[in-house]
Amino acid sequence: MRIAVTGSIATDHLMTFPGRFADQLVADQLHTVSLSFLVDALDVRRGGVAANICFGMGQLGTGPILVGAAGSDFDEYRAWLDRHGVDTASVRISETLHTARFVCTTDADHNQIGSFYTGAMSEARLIELKAVADRVDGLDLVLIGADDPEAMLRHTEECRSRKIPFAADFSQQIARMDGDEIRTLLEGATYLFSNEYEKGLIESKTGWTDAEILSKVGHRVTTLGARGVRIESVGQDPIEVGVPEEKAKVEPTGVGDAFRAGFLSGLSWGVSHERAAQLGCMLATLVIESVGTQEYELHRSDFMDRFTKAYGDEAASEVQARLG
């Protein structure tokens with residue numbers, strides 16, 4: 001399968017302030033705050049949901065196609081993704097804007113002050129999926145992830161009009177969407193991804209019940225945190241898959257993206273939904289054991305040993321045959 005992943009491409013600049021923000025605030029001067037913090041550490045991390053998902057798929061050898069917008073500062077990031085098996089030829093490079101950026105400072109109490117610069121992501125609405133499909137000789141599935149809202153709408157409508165199967169994955173953008181926007185973006189999707197909280201928010205904002213939403217999409221995939229994932233399909237019993245045992249819970253950012261990477265890779269291989277979900281949960285476990293969304297390494301022997309322990313010999317032999 002040729003799978004394209006649309007969505008954000010960003011870098012995260014994460015800083016640590018050893019003091020407490022609260023100690024720097026003067027109660028009767030909050031209307032005119034002017035503060036500067038001397039920080040102890042700066043971590044620059046690669047991120048963005050589409051790039052994170054593609055990185056994971058590349059680690060599994062499924063050749064994902066990244067579709068999004070970045071700035072002229074994308075060269076180093078592009079080289080990193082290229083080296084890890086991602087097709088970046090369909091990334092639009094802005095002539096005037098930098099790659100989207102999240103800048104955040106965390107204090108000793110784990111309070112945070114952050115800003116998100118949209119930057120080149122706003123140009124994702126100018127990308128036509130037909131050009132992507134023509135370049136790679138057709139698309140079998142497009143995951144439409146969190147991105148510029150106009151881009152999400154354009155890509156959804158183009159998938160419907162060109163009869164390209166698509167997966168709806170609102171992620172961080174669901175908070176700003178109203179019911180009409182959500183209804184437009186999910187109807188006709190082959191897959192609808194969300195976590196458990198987002199599932200409730202989708203139902204609340206659309207006014208549709210769980211059953212009504214399921215009738216409008218092919219399959220509903222809901223991640224359940226430490227309880228794993230549930231997959232629902234019309235006319236079939238739900239499938240629930242648990243998570244492998246973690247070596248350590250280091251940092252959860254990017255876990256959902258890694259699950260999607262594994263699940264989509266399973267679809268690319270043609271395995272069952274249960275097997276794809278197991279693959280996604282195993283990859284997500286690697287992410288929670290590391291700091292950063294693309295800092296984990298997939299050592300195939302260790303990966304398969306842990307996969308076998310979690311899901312059994314039969315599941316492992318099916319995955320091993322495709323993982324290589």
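The following is an exchange about how terms are applied to a predicted model.

Biologist: Why is Asp-169 called buried?

Modeller: Asp-169 has a relative accessibility of 4%. Buried means under 20%, so Asp-169 counts as buried.

Biologist: What makes the pair Asp-169 and Arg-260 a salt bridge?

Modeller: Their side chains meet at 2.6 Å, N to O. The rule asks for a nitrogen of Lys or Arg within 4 Å of a carboxyl oxygen of Asp or Glu, so the pair qualifies. Asp-169 sits in the loop between β10 and α5, and Arg-260 in helix α8, with their positions 91 residues apart in sequence, so the bridge links distant parts of the chain.

Biologist: Is Arg-260 buried or exposed, and how do you know?

Modeller: The relative accessible area of Arg-260 is 6%. With the limit for buried at under 20%, Arg-260 is buried.

Biologist: Which class does each partner fall into in the salt bridge of Glu-123 and Arg-92?

Modeller: Glu-123 has a relative accessible area of 14%, which is under 20% and therefore buried. Arg-92 stands at 32%; that value lies between 20% and 50%, so Arg-92 is partly exposed.

Biologist: What makes that contact a salt bridge, and where are the two residues?

Modeller: The N to O distance between the side chains of Glu-123 and Arg-92 is 3.0 Å, and the cut-off is 4 Å, so the term applies. Glu-123 is in the loop between β8 (112–117) and α3, while Arg-92 is in strand β6 (residues 92–93); they are 31 residues apart.

Biologist: How do you know that Glu-289 and Arg-306 form a salt bridge?

Modeller: The closest N and O atoms of Glu-289 and Arg-306 are 2.6 Å apart. A distance within 4 Å is required, so this pair meets the rule. The two residues are 17 apart in sequence, with Glu-289 in the loop between α9 and α10 (300–311) and Arg-306 in helix α10. Both are buried.

Biologist: How many salt bridges does this rule give, and which residues are linked in a network?

Modeller: The count comes to 26 salt bridges. Asp-43, Arg-45, Arg-46 and Glu-295 are linked in a network of them.

Biologist: Why is Asp-137 called exposed, and Ser-171 buried?

Modeller: Asp-137 has a relative accessible area of 63%, and exposed means over 50%, so the label follows. Ser-171 has 15%, which is under 20%, so Ser-171 is buried.

Biologist: What is the phi of each of these residues, and where do they lie?

Modeller: Phi of Asp-137 is near 65°, and Asp-137 is in the loop between α3 (129–135) and β9 (141–144). Ser-171 has a phi of about 50° and is placed in the loop between β10 (166–168) and α5 (179–186). Each value is positive in a residue that is not glycine.

Biologist: What makes Gln-278 buried, and what is it in contact with?

Modeller: Gln-278, in helix α9, has a relative accessible area of 5%. That is under 20%, so Gln-278 is buried. Leaving aside neighbours within four places in sequence, Gln-278 is in contact with Val-241, Phe-307, Tyr-311 and Ala-315.

Biologist: Why are Glu-318 and Gln-320 called partly exposed?

Modeller: Glu-318 has a relative accessible area of 24% and Gln-320 has 35%. Partly exposed covers the range between 20% and 50%, so the term fits Glu-318 and Gln-320. Glu-318 is in helix α11 (residues 313–323), and Gln-320 is also found in helix α11.

Biologist: Which residues does Glu-318 touch, not counting residues up to four places away in sequence?

Modeller: Glu-318 touches Val-271 and Arg-275. The C-alpha atoms of Glu-318 and Arg-275 are 8.5 Å apart, with a sequence separation of 43 residues.

Biologist: How do the axes of α8 and α9 cross?

Modeller: The axes of helix α8 (residues 255–269) and helix α9 (residues 273–288) come within 7 Å and cross at roughly 145°. The crossing is right-handed. Residues making the contact include Phe-259 and Gly-262 of α8, and Ala-277 and Leu-283 of α9.

Note on methods: Residues numbered from 1 in each chain as written. Predicted model: local features only at pLDDT ≥ 70, side-chain atom pairs only at ≥ 80, totals over all residues. Heavy atoms only, no water. Helix = DSSP H or I, 4+ residues; strand = E, 2+ residues; numbered from the N terminus. Buried < 20%, exposed > 50% of the residue type's maximum accessible area, 1.4 Å probe, protein only. Axes fitted to C-alpha atoms, helices over the stretch in contact; angles between N-to-C directions. Left-handed = near helix turned anticlockwise from the far one by under 90°. Contact = heavy atoms within 4.5 Å.
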